[in-house]
Amino acid sequence: MKAAVLRAFGEPLAIEEIAAPRPGPGEALLRVRACGIDGTDLKLLDGFGYVPELPFVMGHEIAGEVVECGADVAEFASGDRVAVYNFVTCGACAYCRGFRDQLCLDMGGIVGILDLPGGYADYVCLPAQQLIRLPDKVSYEDGATCCDAGMTALRAVDRADVNNGDRVLVIGVGGVGSVVTQILAASGVEVIAVDTDVAKESWARAQGAASFLSLGADELVAEVLRRSAGLGVDRVIDVVGLEETMRAGFAVLRRGGRMVVVGYTPEAFPLPGKELAQNEKEVLGTRAGRRDDLRTCLGLFGAGKLRSIVRANYPLRRVNEALEALRGGVIGRIVLTYE
């Protein structure tokens with residue numbers, strides 16, 4: 001089978017012919033039909049964040065078709081359309097039992113990110129427990145985006161705990177930010193979308209943003225405070241995670257407001273303790289999504305309550321072009337397709 005193999009950090013992926021895997025007990029072999037790419041993939045290429053043992057096959061946003069099941073797999077069969085939950089969790093620790101799977105204390109790996117090969121290949125063999133059925137009305141491409149952008153957005157909005165009528169600043173209108181904006185707008189929330197790419201304004205508004213700003217950190221703070229008569233916004237969801245975006249987001253929070261940080265970079269943000277304490281501001285992190293978030297996201301797509309964010313498809317053999325396009329900045333989501 002063909003696979004795009006990471007052999008050295010900082011280098012393009014190598015398109016190679018490798019042996020197709022076979023499912024063992026409790027496993028399922030998938031023919032990959034679509035695999036999304038995102039900023040985590042760029043971090044992997046650069047050797048930042050997760051650092052898998054090389055050589056490694058990336059790709060953590062997988063939708064595909066079951067080809068073969070190993071022994072002890074009764075819930076899936078050949079031909080089933082599925083999406084893949086990428087955290088391989090123990091199911092027994094306090095976090096798994098508390099429905100916070102993505103914080104599992106005894107994780108067996110992260111598909112396409114750490115320890116388990118991913119979807120940058122024609123086929124992938126995974127524990128059957130990772131599979132979630134793809135609703136009939138959901139395309140493989142949209143199903144793939146649910147495996148990261150979609151479920152991450154749902155979890156971030158849940159962490160933000162918004163109320164109807166709130167005003168929310170969404171920093172970064174890429175894949176996750178686009179779905180965040182859709183969910184918030186459908187919840188009766190006023191979304192102020194922020195992105196450095198002015199070309200994303202029409203896209204952000206199409207996702208439901210009431211307004212769009214493309215300003216430096218200081219100008220952004222001044223403008224948001226001006227629009228809110230100095231009070232600030234109820235919530236901030238920062239999908240970028242740079243020092244300047246976190247600083248600006250914190251500065252425009254109203255008293256008692258909450259900032260949820262989705263994106264992460266090597267940069268850090270020193271919290272001003274006095275402002276944090278005296279204004280009772282809250283800063284929360286959020287990590288990807290739970291298994292139930294993926295299932296819910298697929299259901300929302302199936303019901304037509306979420307719209308596709310896929311704007312470009314690349315065949316697997318052009319994966320390096322797709323990654324370079326992502327690094328240069330894209331609108332919506334790029335998805336790999338398979339010939």
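**Briefing: a parallel β-α-β region and its surroundings**

Strand β12, helix α4 (residues 175–186) and strand β13 form a β-α-β unit that is right-handed. The model described here is a predicted one. A second right-handed β-α-β unit consists of β13, helix α5 (residues 201–206) and β14, and β13 thus belongs to both units. The points below begin with the chain as a whole, then treat this region, helix α6, the salt bridges and two loop residues.

**Overall architecture**

- The chain contains ten helices and 19 strands.
- For 339 residues, a compact globule would be expected to have a radius of gyration near 20 Å, and the value of 20 Å for the chain agrees with this.
- The C-alpha trace extends over about 60 × 40 × 35 Å along its principal axes.
- Of the 339 residues, 53% count as buried.
- The chain exposes about 14,200 Å², and 50% of that area is supplied by carbon and sulfur atoms.
- Of the contacts between residues at least 6 apart in sequence, 68% join residues that are at least 24 apart.

**Strand β13 and its partners**

- Strand β13 covers residues 190–194, and four of its five residues are buried, which leaves the strand mostly covered.
- Strand β12 (residues 167–171) runs parallel to β13, and five bridges join the two.
- Within this pairing, valine 170 has alanine 193 of β13 as its bridge partner.
- Strand β14 (residues 211–213) also runs parallel to β13, to which it is joined by three bridges.
- Here isoleucine 192 stands opposite serine 211 of β14.
- A salt bridge accompanies the β12–β13 region: the side chains of glutamate 190 and arginine 167 meet at 3.2 Å, N to O.
- Glutamate 190 lies in β13 and arginine 167 in β12, so this pair ties together parts that are 23 residues apart in sequence.
- Both members are partly exposed: glutamate 190 has a relative accessible area of 32%, and arginine 167 has one of 22%.

**Helix α6**

- Helix α6 spans residues 217–227, and its buried residues are Ala217, Leu220, Val221, Glu223 and Val224.
- These buried residues pack against the strands β12, β13, β14 and β15 (233–238), and against helix α7 (243–251).
- Arginine 227 and glutamate 223 form a salt bridge, with 2.8 Å between the closest N and O atoms.
- The two residues are four places apart in α6 and are therefore separated by about one helical turn.
- An α-helix has 3.6 residues a turn, so residues three or four places apart point the same way.
- The burial of the two partners is as follows: glutamate 223 counts as buried at 18% relative accessibility, while arginine 227 is partly exposed at 33%.
- Just after α6, alanine 229 adopts a positive phi of about 55°.

**Salt bridges around helix α9**

- A search of the whole structure finds 25 salt bridges.
- One salt bridge links arginine 291 to aspartate 101, with the closest N and O atoms 3.8 Å apart.
- Arginine 291 is in helix α9 and aspartate 101 in the loop between α2 (94–97) and β8 (109–111), so the pair ties together parts that are 190 residues apart in sequence.
- Arginine 291 is buried, with a relative accessible area of 14%, and aspartate 101 also counts as buried, at 12%.
- A network of salt bridges links Arg155, Asp158, Arg290 and Asp293.

**Two loop residues: arginine 290 and glycine 79**

- Arginine 290, a member of that network, is located in the loop between β17 (282–285) and α9 (291–302).
- At a relative accessible area of 18%, arginine 290 falls under the 20% limit and is therefore buried.
- Residues up to four places away in sequence aside, arginine 290 touches Tyr85, Phe99, Arg100, Asp101, Gln102, Met151, Arg155 and Asp158.
- Among these contacts, Asp101 is the salt-bridge partner of arginine 291, and Arg155 and Asp158 belong to the network that includes Arg290.
- Glycine 79 occupies the loop between β5 (61–69) and β6 (81–84).
- With a relative accessible area of 38%, glycine 79 is partly exposed.
- Apart from neighbours within four places in sequence, glycine 79 is in contact with Glu65 and Val66.
- The C-alpha atoms of glycine 79 and phenylalanine 212 are separated by 44 Å, the two residues being 133 residues apart along the chain.

Technical notes
Residues numbered from 1 in each chain as written. Predicted model: local features only at pLDDT ≥ 70, side-chain atom pairs only at ≥ 80, totals over all residues. Heavy atoms only, no water. Buried < 20%, exposed > 50% of the residue type's maximum accessible area, 1.4 Å probe, protein only. Pairing = 2+ DSSP bridges. Right-handed = clockwise from strand over helix to strand, strands pointing away. Contact = heavy atoms within 4.5 Å. Rg over C-alpha atoms; globule rule 2.2 N^0.38 Å. Areas by Shrake-Rupley, 256 points an atom, 1.4 Å probe, with all protein chains shown as cover. Salt bridge = Lys/Arg side-chain N within 4 Å of Asp/Glu carboxyl O.
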